[in-house]
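Q: Could you take me on a close look at the sheet in this model, strand by strand? I would like to see how its strands pair and what packs around them.

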Amino acid sequence: MIEVKDLSKQFGDHTAVKNLSFKVESGQFCMLVGTSGCGKSTTLRMLNRLIEPSQGQILINNQDVTTLPPEQLRRRIGYVIQGVGLFPHRTIYQNIATVPKLLGWKKADIDIRVTELLTLFKLDAATFAGKYPHQLSGGEQQRVGVARALAAKPELLLMDEPFGALDPLTRELLQDELLKVQQLLGITIIMVTHDLEEAIKMADVIAVMDKGELLQLDTPEALLRQPRAGFVQELVGGSERPLRLLSTKQVSQIMTTKITVVSHPLPNIHADASLREAMALLIWEQVEQLQVVDAAGHAIGQVSMHDLLQQGARA
Ligand SMILES: Nc1ncnc2c1ncn2[C@@H]1O[C@H](COP(=O)(O)OP(=O)(O)OP(=O)(O)O)[C@@H](O)[C@H]1O
């Protein structure tokens, strides 16, 4: 669990972060959102002491991070930035092995971990381990960046706009991969993004910041349904709100498992698709109902336009 108490950062006479207090539970995915310059990156960089706070306390599993030497702390916390920052003259293997090596892991254990991580991010170890960063695409480099950050099994992963420089398709692919990896490893993640849709799709909780202050920390659904008046309302309350609400849930959460036989075959939707994707398919196919299928393609339920309208509506 990460707990931040009354955290502030002053740069000269400018207050970049002001009296920030929040908690993120173990295994949660927390997104920091807010306009440019509101203090998101400064907050993240105080958590791993790349920036020293002017005031306040940061506790990781009840341990005050200021009691640890910064290098030791940073080996327990993964950090991923936009543009990756891979070491250009080291192979992918050497890049991922950096922290395990510093921690004195045995070569055999490092080999296993590098292969495991490359496989997790859908990169064939035999092909990629010996390559250099410039031989990889942006999306592949970003995957290696995340793999490197996870190499020494950190208890916390900090990510600053990790997918900001990627094209929309690659970005979506990496978002899905990261969500799967997070669920698999149960790791706590705090990520900065400019993109509200990304935050809604991925976060368990979203922290909205403005002018260095935390305005609201809530689940995506609570944030959309009960935004605090002012900046948060402006951020989430536009005409997109019903569709964003649909993004917060998966088809499996609202489908009926009773399968009614209908005269025409229904279009299929995956159980783990979002309600927003289901709505888009209903409109595109001009139908009132979809058939829900599992990963093996077996029909497991149905979802209707009526169900979706209720989910996106004002409560
Ligand atoms: N090293 C520094 N010295 C002086 N001012 C700084 C420094 N780092 C950040 N700031 C200022 O602190 C404020 C917060 O910056 P920060 O990078 O945390 O914002 P941000 O929300 O992450 O912005 P962006 O989304 O554009 O990256 C800004 O006004 C910035 O100019």
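A: Happy to. Let's begin where 5 bridges join strand 7 (residues 156-160) to strand 8 (residues 188-192), two strands that run parallel. Within this pair, Met159 has Met191 of strand 8 as its bridge partner. A word on terms: strands (E, at least two residues) and helices (H or I, at least four residues) are DSSP runs numbered from the N terminus, and two strands pair if DSSP finds at least two bridges between them.

Before going further, please keep in mind that this is a predicted model, in which local features need pLDDT of at least 70 and side-chain atom pairs count only at pLDDT 80 or more, while totals for chains, interfaces and linings use all residues. Residues are numbered from 1 along each chain as its sequence is written.

Strand 8 also pairs with strand 3 (residues 29-33). This pairing is parallel too and runs over 4 bridges; here Leu32 has Val192 of strand 8 as its bridge partner. Strand 3 is in turn joined by 4 bridges to strand 9 (residues 205-210), again running parallel, and Met31 finds its bridge partner in Ile206 of strand 9. In general, strands of a sheet pair through backbone hydrogen bonds, either parallel or antiparallel.

How well covered is strand 3? Here 5 of its 5 residues are buried, where buried means that 20 or more other C-beta atoms, placed from the backbone, lie within 10 Å of the residue's own (12 or fewer would make it exposed, and in between it is partly exposed). In a regular strand the side chains alternate between the two faces of the sheet. In strand 3, Phe29, Met31 and Val33 lie on one side, Cys30 and Leu32 on the other, and all of them are buried.

Stepping back, these strands belong to an open sheet of 6 strands in the order 6-7-8-3-9-10, with mixed pairing. Its edge strands, each pairing on one side only, are strand 6 (77-81) and strand 10 (213-218). On average, neighbouring strands are turned by 15° against each other, direction ignored; axes here are lines fitted to C-alpha atoms, for helices over the stretch in contact, and angles run from 0 to 180 degrees between N-to-C directions.

Finally, helix 6 (residues 138-150) packs on this sheet, touching strand 6 and strand 7, where contact means C-beta atoms, placed from the backbone, within 7 Å. The direction of helix 6 makes about 165° with that of strand 6.

How values were computed:
Contact = placed C-beta atoms within 7 Å.
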